[in-house]
Amino acid sequence: METDRATAVASATVLVTGVFWGLYWLPVRALGAWGLGGAWGTAAIALSAVALLLPLAWPRRAVLWQANGLALGAIALGGAAFALYSIGFLYGRVAIIILLWFLSPVWSTLIGRFVMGWPTPPLRIVAIVLGLIGLLVMLGAEGEMPLPQGLGEWMSLVGGILWSFSTVGIRVKSTVEPISATLVFAMGAAAASLLLAPMLEPVPQLGGQPLGAIIGLSVLTGGLWWAVSLIGLMWATVRLDPARVSILLMAEVMIGAVSAAVLIGEHLHPLELLGGALVLVAGLVEVWPARR
């Protein structure tokens, strides 16, 4: 009975996380509209998460001092990858940014096969083929070359690849507990954002902007999305089958696409929908062997 209850709570946690991240573009674009364009908004969010997590992680600091350096680097790289994903929402269409990110299982499988030398089950080869076909269909929907269009799409694609390297490294090396890992993750995102910020947009001039609202939204977003939801996700994923986690997290795609269509009138070409569907099917196929 206790196991069933824990599974139900963990499943609900993953589902809520997917829904939350499907709406993540809203505060990012709000901060952009208030003057924190480019990477400045993501930097404010990530720094807020660091400030909120630091008091929680400080009593556990011995864990970080003793942790494997490669593990910490992999976690920080994951944060940098998420920063690219976050910044991408200011430069591209919401649904396409999310779908490009969800190609990460394909990159993870390729990295595992050709970098780590891990065996590749036949179904994962099918996943790679489906994912790459979906990518080509989605990016070539308007008749142009099947390449990312604009900075946002490139950021999401590169971020997804970096995230795949990060997850492989975390799988191999990391034993860091969730709160400390989330802090390192947020620090990696903050560092990447601050590095990119002056390259993308000038230093914000917030004299006429609602400074209190900017700080409040940054702290709220860093707290809910980067701290609470990620700690909850790390807690839940070790209690659930990987396939269930992946399926539940796909709520992010649906919520992101629907919210963007309703709130800002963003719609996808039929071929983009087809390509996106193939990407999602590839994600499902990729985790299927893990059930066995």
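**Legends: an all-helix chain and its nonpolar patch**

**View 1. The surface of the chain.** About 13,400 Å² of the chain is accessible, and carbon and sulfur atoms hold 72% of that surface. Keep in mind that this is a predicted model. Along the principal axes, the C-alpha atoms fit a box of roughly 55 × 50 × 40 Å.

**View 2. Helices from end to end.** What makes up the fold here? The chain has 14 helices and 0 strands. Follow the sequence and the pattern reads α-α-α-α-α-α-α-α-α-α-α-α-α-α.

**View 3. Packing inside the chain.** Buried residues come to 47% of the 292 in the chain. Take the contacts with a separation of 6 or more: 90% of them join residues 24 or more positions apart. The radius of gyration is 19 Å, which agrees with the value near 19 Å that a compact globule of 292 residues would have.

**View 4. The nonpolar patch.** Zoom in on L26, M254, V258, V262, L263 and I264, and you have a nonpolar surface patch of about 570 Å². Which helix gives the most to this patch? That's α13, spanning residues 251–264, with 5 residues in the patch.

**View 5. Close-up of V262.** This valine sits in helix α13 and is one of the residues that make the nonpolar patch. Is V262 buried or exposed? With a relative accessible area of 64%, V262 counts as exposed, because the cut-off for that label is over 50%. That 64% also clears the bar for patch membership, since patches take residues with over 30% relative accessible area and no salt bridge.

Note on methods:
Residues numbered from 1 in each chain as written. Predicted model: local features only at pLDDT ≥ 70, side-chain atom pairs only at ≥ 80, totals over all residues. Heavy atoms only, no water. Patch = residues over 30% accessible without salt bridge, like charges linked within 9 Å, V, L, I, M, F, W, Y side chains within 5 Å. Areas by Shrake-Rupley, 256 points an atom, 1.4 Å probe, with all protein chains shown as cover. Salt bridge = Lys/Arg side-chain N within 4 Å of Asp/Glu carboxyl O. Helix = DSSP H or I, 4+ residues; strand = E, 2+ residues; numbered from the N terminus. Buried < 20%, exposed > 50% of the residue type's maximum accessible area, 1.4 Å probe, protein only. Rg over C-alpha atoms; globule rule 2.2 N^0.38 Å. Contact = heavy atoms within 4.5 Å.
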